[in-house]
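Subject: Structure handover, with notes on salt bridges and a pocket

Dear colleague,

I am passing on the structure below, together with some notes on its charged side-chain contacts and on one of its pockets. Please read the notes with the coordinates open beside them.

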Amino acid sequence: MNKKRFFKYKNLPVFSLLFLTACIENAPMDSLSPAGPYARQIDDLFWLTFWIAVGVFFIVQGALIFSVFYFRDMPGKPEPKQIHGNNVLELMWTIIPILILAAIAVPTVRTIFDLAREPEGALKIEVIGHQWWFEYKYPDYGITTANVLVIPADTPVRLEMWSNDVLHNYWVPKLNGKRYLVPGQKTYLNLQADSPDEFWAQCGEYCGLSHSKMRGRVLSLNQEDFENWVNNQKLNANKELPEGTLAAEGQQVYLNAGCTQCHVIDGVWDVQGDRIAPNLTHFANRNVFAGAALKNNKENLTKWLANPAEIKPGTFMPNLELTEKEIEALIAYLGTLK
């Protein structure tokens with residue numbers, strides 16, 4: 001077997017696996033399973049374009065196959081009649097492509113403008129991209145959180161977005177398309193979920209070593225649950241913890257080990273100013289952390305606090321050289337931040 005053929009067969013399992021990924025049901029990043037009106041507009045446009053393209057493909061390929069067999073050279077068969085200069089035919093194959101392009105262009109342009117229009121009565125949320133996590137601010141409520149974007153179900157949401165460092169891209173496939181987060185420039189994106197659910201998000205633009213681990217979650221809640229969440233987020237963390245408890249020891253680790261240089265906990269350490277790390281005030285209420293790359297549990301927190309760079313290469317989270325006891329205490333304290 002020659003080298004080229006070996007290379008081809010060697011990679012066959014890889015290509016087969018990539019092909020089979022398209023058959024996964026309920027994939028969290030499936031853009032063909034819209035769960036909101038904006039995503040449905042994109043989905044409708046996709047299928048319109050797809051079926052037009054399928055029709056063009058079969059017509060062109062059918063005409064090609066017909067020509068190959070019908071006009072093939074055979075003994076005694078006269079040369080086919082030439083159509084060069086036939087005005088009627090030339091007009092037809094000029095007008096037909098124009099009509100096809102118009103059938104695609106008109107709904108495409110209309111969809112682009114519809115998706116860009118700010119919906120009436122939308123909840124405004126600011127999204128700031130960082131290497132490698134998303135920060136969310138709710139100006140109407142005075143709330144700042146990270147990793148998990150919480151929105152009310154069946155309600156339009158208007159995202160005002162920018163980047164704090166390099167070019168990022170915010171993408172929630174089941175709720176809308178991608179939109180860039182640009183340093184020094186604001187961009188906008190509309191989201192709306194049909195019902196309470198959890199949706200996956202991902203940075204769609206290469207932004208450094210841990211780009212693939214710059215993920216996110218969008219959690220849609222019914223109106224009552226959303227209001228309860230808002231009211232809880234407005235509360236400060238409990239500063240007074242029972243002396244001698246592991247959580248109280250963890251609070252001291254947070255205050256003295258260097259965590260306060262990057263992380264804020266309202267009511268405990270809420271020195272204002274730009275921070276390069278997530279607000280931890282209600283950390284325990286988030287089901288993910290580290291740019292939504294890890295589930296929020298003791299095992300993952302232990303690995304993260306022991307060596308952040310091993311989990312996310314290039315992370316700005318330093319290795320604070322914490323002891324096992326300090327890590328255990330800090331995790332106990334983080335568990336109280338609800």
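Glu-299 and Lys-303 both sit in helix H7, which spans residues 298–306, and because they are 4 residues apart there, about one helical turn separates them. Their side chains form a salt bridge in which the closest N and O atoms are 3.5 Å apart, a value that falls within the 4 Å allowed for such a contact. Please bear in mind throughout that this is a predicted model, and that the distances given here are therefore computed from predicted coordinates. As to the surroundings of the pair, Glu-299 counts as exposed, with 52% relative accessibility, whereas Lys-303, at 44%, counts as partly exposed. The exposed class begins over 50%, so the 52% of Glu-299 places that residue in it.

The count of salt bridges comes to 6 under the rule applied, and two others deserve a description alongside the one in helix H7.

One of them joins Lys-186 to Glu-160, with 3.1 Å from N to O. Lys-186 lies in the loop between strand S7 (179–181) and strand S8 (187–191), while Glu-160 belongs to strand S5 (residues 157–163), so this pair ties together parts that are 26 residues apart in sequence. Lys-186 itself is partly exposed, its relative accessible area being 47%.

The other is formed by the side chains of Lys-124 and Glu-118, at 3.0 Å from N to O. Both partners fall into the partly exposed class, Lys-124 with a relative accessible area of 40% and Glu-118 with a relative accessibility of 39%.

Helix H7 returns in the second part of these notes, which concerns the second largest pocket. Which helix gives the most to the lining of that pocket? It is H7, with 3 residues, and both H7 and helix H9 (324–334) supply at least two residues each. The second largest pocket holds about 490 Å³ of space and is lined by 30 residues, of which His-263, Ala-277, Pro-278, Trp-304 and Met-317 lie nearest its centre. Sorted by class, the lining of this pocket has 21 nonpolar residues, 7 polar ones and 2 charged ones.

With kind regards

Conventions
Residues numbered from 1 in each chain as written. Predicted model: local features only at pLDDT ≥ 70, side-chain atom pairs only at ≥ 80, totals over all residues. Heavy atoms only, no water. Buried < 20%, exposed > 50% of the residue type's maximum accessible area, 1.4 Å probe, protein only. 1 Å grid on protein atoms, 1.4 Å probe; cavity = no way out; pocket = protein on both sides within 12 Å on 5 of 7 lines; lining within 4 Å. Points joined across faces, edges and corners; volume = space filled by probe spheres on them. Nonpolar A, V, L, I, M, F, W, Y, C, P; charged D, E, K, R; others polar.
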